Amino acid sequence: MTARIGLLCATACLVPWLGGAAAAASLDVKPPANEDCVACHGDASLKRDDGRSLAVDAKLFAGSMHGPMACVDCHADLAKAELPHEPKLARVQCASCHDEIGGKYRDSIHAWAKDKAGLTTAAPSCASCHGTHDIKAHTDKASRVFRKQVPATCGSCHSGIRDTYDGGIHAAALKKGDSRAPVCVDCHTTHSIQRADTDKWRLGVTAECGSCHAGVVDSFRRTFHGKVTELGFTRVAACADCHGAHDILPASNAASMVAPARLVATCGKCHQGANERFVKYDPHPNPRDYKRSAALWWANRFYWVLIPGCFGFFGLHSLLWFRRSMKDQEKRP
């Protein structure tokens, strides 16, 4: 591969420079232009020793977000290099331009896997998600990070999770064209993705679900599960423990974790001995919804009358008592 690149580059780049190597040595080396790079990398058959392609489609690159840039803007180590260059180049540092995003990425599980766990080839980099020479805006339907394409992009590494997600209600809504349907980045974020098995993540799940299901999460927070979660404890059930994470299905679906026929098994994961009577407990009580629970609705109304009535009565009683005590004090010598 090295010999092939050397031959191509020598023919396409060095020969036109009058005087050859001797002349180049006597002159300041200029950064290679994009045309110089494409002279070699425009060959579709150009590959690394491991079989990965080294070809660059000039038209795709010109139509990308980086189209107006020079190759050496990213491949900075070639700015003062002579062609043909060394087979192995320095890794492109996207953070040199995208410093704010680079700062977030350094705190993510992906950066940890690459920098600290040593998974340099397995862990994704910027190019794994955004592409290399064909990077497009996230609003472009052809972009790898276009909203509808995000599950496929993440699924290129997390294939098992993507298969699970594809069978859930969120993916079904997305395929029907519902732009509000959550994709990976809505729950896991984009550049600051964290491990999902930490206490911090578990405590934040409710808020993530609540960004779409505000009413449901509000009712969850009225329960024992919700109250204990708000106190910072993770030994109680959160949304994903009952509904699943990537395989969320409506209760009307027999495969759902909260389908009536599966409730005993779902609750039984935490509550040993759970039975049909136990699962009649309402995990999302809503005192404002008469149809969901008439008894709770009436109880809520009763307390709205009882509590203000009690405080009002005792307040009036205290006021009258205070007035009488003042008059009695005035009569005293």
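## Lys114 in helix H7

Lys114 sits in helix H7, which spans residues 109-115; helices here are DSSP runs of H or I with at least four residues, strands are E runs of at least two, and both are numbered from the N terminus. This is a predicted model, where local features need pLDDT of at least 70, side-chain atom pairs count only at pLDDT 80 or more, and totals for chains, interfaces and linings use all residues. Residues are numbered from 1 along each chain as its sequence is written, and side-chain values use heavy atoms, with hydrogens and water left out.

So what does Lys114 do for a charge partner, given that it is buried? It has no salt bridge, and the nearest side chain of opposite charge, Asp115, is 6.7 Å away. Buried means under 20% relative accessible area, exposed over 50%, and partly exposed in between, with a 1.4 Å probe and protein chains only. A salt bridge needs a side-chain nitrogen of Lys or Arg within 4 Å of a carboxyl oxygen of Asp or Glu. For charge signs, Lys and Arg count as positive, Asp and Glu as negative, and His and the chain ends are not counted. Neighbours within four places in sequence aside, Lys114 is in contact with Tyr105, Leu119, Thr120, Ala123, Pro124 and Ser125, a contact being heavy atoms within 4.5 Å.

## Salt bridges

How many salt bridges are there by this rule? The count comes to nine. One of them links Asp50 to Arg52, with the closest N and O atoms 2.9 Å apart. Asp50 is partly exposed, because its relative accessible area is 49%.

Arg162 and Asp166 also pair up, at 3.6 Å from N to O. They are four residues apart in helix H10 (residues 159-166), which means about one helical turn separates them. An α-helix has 3.6 residues a turn, so residues three or four places apart point the same way. Both ends are partly exposed: Arg162 at 34% relative accessibility and Asp166 at 29%. Then there's Arg222 with Asp218, whose side chains meet at 3.3 Å, N to O. Arg222 is partly exposed at 31%, and Asp218 is partly exposed at 38%.

## Helix H13 and its surroundings

In helix H13 (residues 199-210), Trp201, Val205, Thr206 and Gly210 are buried. What do the buried residues of H13 pack against? The list is helix H12 (184-188), helix H14 (214-220), helix H15 (224-230) and helix H16 (239-243).

Glu208 is in H13 too, but counts as partly exposed because its relative accessibility is 30%. With neighbours up to four places away left aside, Glu208 touches Asp186 and Cys187. Ser159 is 49 residues from Glu208 in sequence and 23 Å from it in space, C-alpha to C-alpha.

## Loops with something to check

If you're looking at backbone geometry, two loops deserve a look. The peptide bond from Leu83 to Pro84 is cis, with omega near 5°, and Pro84 lies in the loop between helix H5 (71-74) and helix H6 (99-105). Thr189, in the loop between H12 and H13, isn't glycine yet has a positive phi, near 65°. Thr189 is partly exposed, at 30% relative accessible area.

Ser64 is in the loop between helix H4 (58-62) and H5, and is buried at 9% relative accessible area. Beyond four places in sequence, Ser64 touches His133, Asp134 and Ile135. Lys269, in the loop between helix H17 (263-268) and helix H18 (294-331), is exposed at 53%. Lys269 touches Asp241 and Met257, not counting residues up to four places away. The C-alpha atoms of Lys269 and Asp241 are 9.1 Å apart, with their positions 28 residues apart along the chain.

## Surface patches

Patches are built from residues with over 30% relative accessible area and no salt bridge, joining like charges within 9 Å and nonpolar side chains (Val, Leu, Ile, Met, Phe, Trp, Tyr) within 5 Å. Areas come from the Shrake-Rupley method with a 1.4 Å probe, and for residues only the protein chains shown count as cover. The place of a charge is NZ of Lys, CZ of Arg, CG of Asp or CD of Glu.

Arg323, Arg324, Lys327 and Lys331 form a positive patch. Lys327 is in helix H18 and is partly exposed at 44%. A nonpolar patch of about 550 Å² is made by Phe302, Tyr303, Leu306, Ile307 and Phe311. Leu306 lies in H18 as well, and is partly exposed at 34%.
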